[in-house]
Amino acid sequence: MDVQKIMTTELMTVSPSQQVGHLHDLFNEVSYHHLPVVLDHKLIGIVSDRDVSHNLSPFVNTEEQRDEDEMLLGRTVAEIMSTDMITIVRDTSIDCASILLLENNISCLPVVDDEFALQGLLTWKDILKYHVYS
Amino acid sequence: MNSPATPRYPVLNITLEEKAVVATLDVSEDLAAITTDDIEEQVKIAGFGDARMDKNALKKLLDQAQINEHFSIKIAELVDASIALKVSRDKMSVQADIVAAAGGLALTEEAIFQVLRTHKISLGCVSKHALAAAITEKSKSTYTIAEGVAALNGDDTVFRPLFRQITEHPPIVDAEDMTQYFETNDYVSVEEGDCLMRRIPATAGVDGFDVTGKKIKAKKGKDKKFKKQKGSVVDEEDENLLRASCQGHPIIAAQGVKVDKVLILVNADLKSGNIDFDGTVIISGQVFSQITIVASGDLHVKGSVENATLSAGHDLIIGGGVIGESTPDIDEPPKITSNLRAGNDIRAMFLNLTEAFSGHDIHVQKYAMNTNLTAKRDIIIGGNGGKGAIICGNTISGRHIEVNVLGSNAYLKTLIDSGSLCELHVEEKRIKNGIKQRSTELIQLKTILAKIVNKDPEKIGSLVIDKSKKLTSAIASVEGWLLTLKEEETEVNNELGLANEATVQVHKMLYPNVRVLVNDVEYLGTVKKRACKIFTVNGNIELELE
């Protein structure tokens, strides 16, 4: 069985020029921990809620927020995203994808085509659902 | 009393100073006039007749002779023979530029060998004939003085069938206009123990050597063994001989021969029912409407086929013709209701309202009308003297389509499609991407496995063992997938090779209602054309009249 049968295809993506401040709000609204960064329909990076919190001051949106904290909100996604990604394709086997997730200690695998256009995202939840409910 | 002064003329002395022939003029009372011939005569008498004369010096000497003063000049030179070698880039030949001696030392065999040794040329490569000619050269010439010997690559294993095959003889058409495959004994049958195939083993080849004596290793021929096939067995005493292990119909397979069991029926009809046979099926009569026959080997029908489905694992040969539904409604378009499928060739007298697919070639004697033909390689309509017409329908081949008459006066739509480079390139890309992705996955999985395997043995527990088992299984699966992709890649490359040779050849008439595609490039004629060939050059369609 290959990953295209279980991957998530309804995706939220962000652009590299988006501000970290917006991303911070976005992560507070959604249940995702990772968002693919896409430019001209091609995957160029991945940004996680952890990347956002590492690059923001803990005083943001608090009474103790300072001017320099506010400046950090203006940074872009491109400045904080991770570009070192392990990707898979639609016909990668679930077994292979599971091993890559586990052994590389990552929680999601972007699924791309030959042109590196994003086609889906495979997370550990997708794999768990497959094993529990299939 | 003083007498008047007498005219004095110079005297010539010829001497040798190292390799220079020097002429010295001395004042003398000898009144003999001096000429060029005199000087040359003097040089000859002095023993330097073969020396290379300097004509400018000679002229200067003659001018000086008029002045009648002491004068000395080099007028000739003793030149030794010379040899200059040029070794070819691939070190397979040596050219020697020879200039003969002029009064100096001639070339000797030893002198030539010495030069060859300096250039590290092996004396075993020297041509005796060229050597002799170089030594006796009188003027200037170039000789191929040494040559290497190219390696002779070995031959691949050859598998030679030891029985007659049906394609060796053109079919004979009898008085009833039926193709007689059986009466000419073209149908082959073997008995148990009969010799089927001889294996001629690959040869090692013969090493060569270049002019320096360096060995050029010959490429060994590819050695292939017999592949086990049903119905045949390797001879106990001769491992290069294949024998039939049962009675039946031999079919050449990959690196061997399989012998099919044979089912022989008079007709395929309601009485026989549908047939699904593991072996070769022979119908000596006809195949009637709505019958399905599946044979894993060959399928031979002596008579005609009507509105039936025939499938052969190897060749499908029909002595008569094939027709679809016999009484179509006039108001409705004709329906294709006969289906033919063969792993190898399809041969028939004519085809009407038929869908035919072959894994190799399709040969039709008379015509293919309202018929869709698809062949992986060639489609030949009209070979062996048949009328050879394609009228209506779609005819698609991987390589070559050959027909006598294409289209008709009735202007029915006919499509001819030869070669399919675009589709194949898409397929090629898909396979290449698949190979790239699977190779990446393989590396990733193997890297993970290597990390696990290199752990401290004392720290390996059951979890690690389970992990490595799972990884090994995943790796094996990806490797299997990769192997399949590589096989597909080989097949697509073969098909691409065929598509590059795609042509449509019309021997008699091409009507303007025919749409011709050669490697997806269209030719749509507006007038009738006589014998012609249609092909592509650099992506452009070309029509060549014959």
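**Figure 1. Salt bridges and polar contacts between chain A and chain B.** Across the interface of chain A and chain B, 4 salt bridges are found. The model shown here and in the other views is predicted. One salt bridge joins the side chains of Glu115(A) and Lys429(B), with an N to O distance of 3.6 Å. Polar contacts across the interface of the two chains come to 5 residue pairs, with both residues at pLDDT 80 or more. Sorted by class, the side of chain A that touches chain B consists of 6 nonpolar, 4 polar and 5 charged residues.

**Figure 2. Extent of the interface of chain A and chain B.** Contacts involve 15 residues of chain A and 14 residues of chain B. The size of an interface is often given as the accessible area lost when the parts come together. Between chain A and chain B the buried area is about 1200 Å². Carbon and sulfur atoms give 58% of this area. On the side of chain A, the residues that lose the most area to chain B are Cys96(A), Ile99(A) and Glu103(A). Together these three account for 39% of what that side buries.

**Figure 3. Helix α5 of chain A.** Helix α5 of chain A spans residues 94-103. Of its 10 residues, 7 are buried, so the helix is largely enclosed by the rest of the structure. The buried residues are Ile94(A), Cys96(A), Ala97(A), Ser98(A), Ile99(A), Leu100(A) and Leu101(A). Following α5(A) is Asn105(A), which has a positive phi, near 55°.

**Figure 4. Secondary structure and burial in chain A.** Chain A contains 6 helices and 4 strands. Read from the N terminus, the order of its elements is α-β-β-α-α-α-α-β-β-α. Chain A has 134 residues, of which 40% count as buried. When contacts in chain A between residues at least 6 apart in sequence are taken, 57% of them join residues at least 24 apart.

**Figure 5. Nonpolar cores.** The largest nonpolar core has 45 residues. Val287(B), Ile293(B) and Leu310(B) have the most contacts inside this core. Leu310(B) touches both Val287(B) and Ile293(B). With residues up to four places away in sequence left out, its other contacts are Leu299(B), Val301(B), Val305(B), Leu316(B), Ile318(B), Asn339(B), Leu340(B) and Arg341(B). A second core, separate from this one, has 32 residues, among them Ile431(B), Leu442(B), Leu485(B) and Val492(B).

**Figure 6. Secondary structure and burial in chain B.** Chain B has 6 helices and 43 strands. Its length is 546 residues, and 42% of them count as buried. Of the contacts in chain B between residues at least 6 apart in sequence, 46% join residues at least 24 apart.

**Figure 7. The salt bridge of Lys19(B) and Asp80(B)****.** Over all chains the structure holds 30 salt bridges. In the pair shown, the closest N and O atoms of Lys19(B) and Asp80(B) are 3.0 Å apart. Lys19(B) sits in the loop between β1 (11-17) and β2 (20-26) of chain B, and Asp80(B) in the loop between β4 (71-77) and β5 (82-87) of chain B. The pair therefore links distant parts of the chain, the two residues being 61 residues apart. Lys19(B) is partly exposed, at 38% relative accessible area, and Asp80(B) is partly exposed as well, at 29%.

**Figure 8. The salt bridge of Asp235(B) and Arg243(B)****.** The closest N and O atoms of this pair are 2.4 Å apart. Asp235(B) has a relative accessible area of 16%, under the 20% limit, and is therefore buried. Arg243(B), with a relative accessible area of 27%, is partly exposed.

**Figure 9. The salt bridge of Glu491(B) and Lys376(B)****.** The closest N and O atoms of Glu491(B) and Lys376(B) are 3.4 Å apart. Glu491(B) belongs to helix α6 (residues 462-499) of chain B, while Lys376(B) lies in the loop between β33 (372-375) and β34 (378-381), so the salt bridge ties together parts that are 115 residues apart in sequence. Glu491(B) counts as partly exposed, at 43% relative accessibility. Lys376(B) is also partly exposed, at 36%.

**Figure 10. A network of salt bridges in chain B****.** The linked residues are Asp361(B), Arg377(B), Asp378(B), Arg399(B) and Glu501(B).

Methods. Residues are numbered from 1 along each chain as its sequence is written. Chains are lettered from A and ligands numbered from 1 in the order in which they are written. This is a predicted model: local features need pLDDT of at least 70, side-chain atom pairs count only at pLDDT 80 or more; totals for chains, interfaces and linings use all residues. Side-chain values use heavy atoms; hydrogens and water are left out. Buried means under 20% relative accessible area, exposed over 50%, partly exposed in between (1.4 Å probe, protein chains only). Contact means heavy atoms within 4.5 Å. Buried area is the accessible area (1.4 Å probe) that two parts lose on being put together, summed over both. A polar contact is a pair of N or O atoms within 3.5 Å; within protein, one must be able to donate a hydrogen and the other to accept it, and residues adjacent in sequence count only if both atoms are side-chain atoms. Ala, Val, Leu, Ile, Met, Phe, Trp, Tyr, Cys and Pro count as nonpolar, Asp, Glu, Lys and Arg as charged, and the others, Gly among them, as polar. A nonpolar core is a set of buried Ala, Val, Leu, Ile, Met, Phe, Trp, Tyr and Cys residues joined through side-chain atoms within 4.5 Å.
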